[in-house]
Every structure is written in C-alpha cells, then in structure tokens.
Amino acid sequence: MGDSILKIFIGSDHRGLDLKKKVMAYLRENELDINDIGLDNSPLDDYPIFAFKLGELVRDNKGSLGILICGSGVGMSIAANKVKGIRCVRAVSVDDAFKGKNHNGANVIALGSEVTTDFNLVKEMVDTFINTKAPSEERHLKRVQAIRMYEDNN
C-alpha cells in the first residue's frame with residue numbers, strides 16, 4: 001500500500017457537533033489521519049458552508065475521504081454533491097455506506113446525528129465507508145464514469 005496515509009476530513013454544523021467530536025475521537029484512537037475542516041460552529045451556522053469547504057478539501061487532496069454530519073445528513077449530502085468531483089452518500093445503514101463507496105464511488109459520507117443515534121452503528125458505517133474499496137466491477141465503473149462525464153459537460 002506504500003507510505004501514503006489516508007487523509008480524512010470531517011465537518012459538521014451545530015446539530016452534528018457532538019457526534020463529530022465522538023467520531024473524531026474514535027478515528028484518532030484507530031490512528032487515522034483525521035482533519036477537522038476548521039470552521040467554527042454556532043447555533044446559527046449554515047450546513048452548506050461546511051459541505052462546500054469539506055468537498056473542496058476532499059477534491060483538492062487526491063485519495064482523501066470526507067465525513068459530514070448534520071441533523072439528518074440530507075442537507076449536507078445535497079450541498080456536498082454540488083462540489084465538482086464529489087460523490088456524497090447519505091448513509092443510515094452499513095449497506096448504504098458500503099454501496100455508496102463500492103458501487104457509486106462515493107468519496108464523502110453524510111450522517112444524521114438525529115437519525116442514527118446508536119454510536120455503534122455510526123462506527124460501523126464509518127469503518128465500512130473507510131475500508132470499502134472503490135468500484136472495480138465494470139458495471140459500476142461505467143456508471144461512475146457516466147456521472148463524471150455529465151458533471152464535466154454540464
């Protein structure tokens with residue numbers, strides 16, 4: 001695998017802040033290179049700002065991954081998917097995390113702090129997302145390429 005260490009960026013709005021802190025601590029215990037995107041939280045913050053910043057960091061750091069957390073995960077995923085080169089999966093199950101990455105080439109996962117309240121499930125989804133290989137089957141590669149081509153041309 002070489003000397004490259006997987007870089008993981010993480011960000012949340014105020015509704016995801018507590019879960020973000022738990023996920024960061026968990027990933028650091030496992031000696032992963034976890035990087036808070038560095039935006040301050042307040043009760044009036046807006047999730048798109050966090051999603052755009054994290055998306056740009058993942059896009060600009062080839063091979064990195066991102067974790068976004070808000071109340072539902074929905075807003076973060078919509079906003080992150082507006083950043084060219086980002087494929088963000090909103091996950092509420094381990095299967096979502098696996099298929100989002102293995103079938104759809106997701107490089108960012110969005111979690112809902114108010115949807116998935118079982119931290120063991122959150123850990124399992126994050127572990128699955130991080131450890132799952134990118135698409136390798138021809139049918140999945142073809143579909144991800146179609147998304148990239150559309151994104152490049154529209």
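## Salt bridges and the largest pocket

The structure holds seven salt bridges. The model is a predicted one. Three of the pairs are described below, followed by the pocket.

| Pair | Closest N to O distance |
|---|---|
| Asp36 and Lys20 | 2.7 Å |
| Asp152 and Lys84 | 3.4 Å |
| Lys99 and Asp95 | 3.1 Å |

Asp36 and Lys20 link distant parts of the chain, 16 residues apart. Asp36 belongs to strand 2, which covers residues 33–36, and Lys20 to helix 1, which covers residues 17–29. How accessible is each partner? Asp36 has a relative accessibility of 34% and is partly exposed. Lys20 has a relative accessible area of 4%, and it counts as buried because that value is under 20%.

The salt bridge between Asp152 and Lys84 also joins distant parts of the chain, with the two positions 68 residues apart in numbering. Asp152 sits in helix 6, whereas Lys84 sits in the loop that runs between helix 3 (74–80) and strand 4 (88–90). Lys84 is partly exposed, at 45% relative accessibility.

Lys99 and Asp95 are placed within one element, helix 4 (residues 94–102). They are four residues apart, about one turn of the helix. Lys99 has a relative accessible area of 36% and is partly exposed; Asp95, at 40% relative accessibility, is partly exposed as well. Both fall in this class because their values lie between the cut-offs of 20% and 50%.

The second topic is the largest pocket. Its volume is about 890 Å³. The lining of this pocket is made up of 32 residues. Which of them lie nearest the centre? These are Leu6, Gly63, Ser64, Leu65 and Lys101.

Helix 2 (47–60), helix 5 (119–131) and helix 6 (138–153) are the elements that give two or more residues to the lining of the largest pocket. Helix 6 supplies the largest share, four residues. Helix 6 is also the element that holds Asp152, the partner of Lys84.

By residue class, the lining of the largest pocket divides into twelve nonpolar, eleven polar and nine charged residues. Among the residues nearest the centre of the pocket, Leu6 and Leu65 are nonpolar, Gly63 and Ser64 count as polar, and Lys101 is charged.

Key: Residues are numbered from 1 along each chain as its sequence is written. This is a predicted model: local features need pLDDT of at least 70, side-chain atom pairs count only at pLDDT 80 or more; totals for chains, interfaces and linings use all residues. Side-chain values use heavy atoms; hydrogens and water are left out. On a 1 Å grid over the protein atoms alone, a cavity is a set of points where a 1.4 Å probe fits but cannot get out, and a pocket is an open set with protein on both sides within 12 Å along at least five of seven lines; lining residues have an atom within 4 Å of a point. Grid points are joined across faces, edges and corners, and a volume is the space filled by probe spheres set on the points. A salt bridge is a side-chain nitrogen of Lys or Arg within 4 Å of a carboxyl oxygen of Asp or Glu. Buried means under 20% relative accessible area, exposed over 50%, partly exposed in between (1.4 Å probe, protein chains only).
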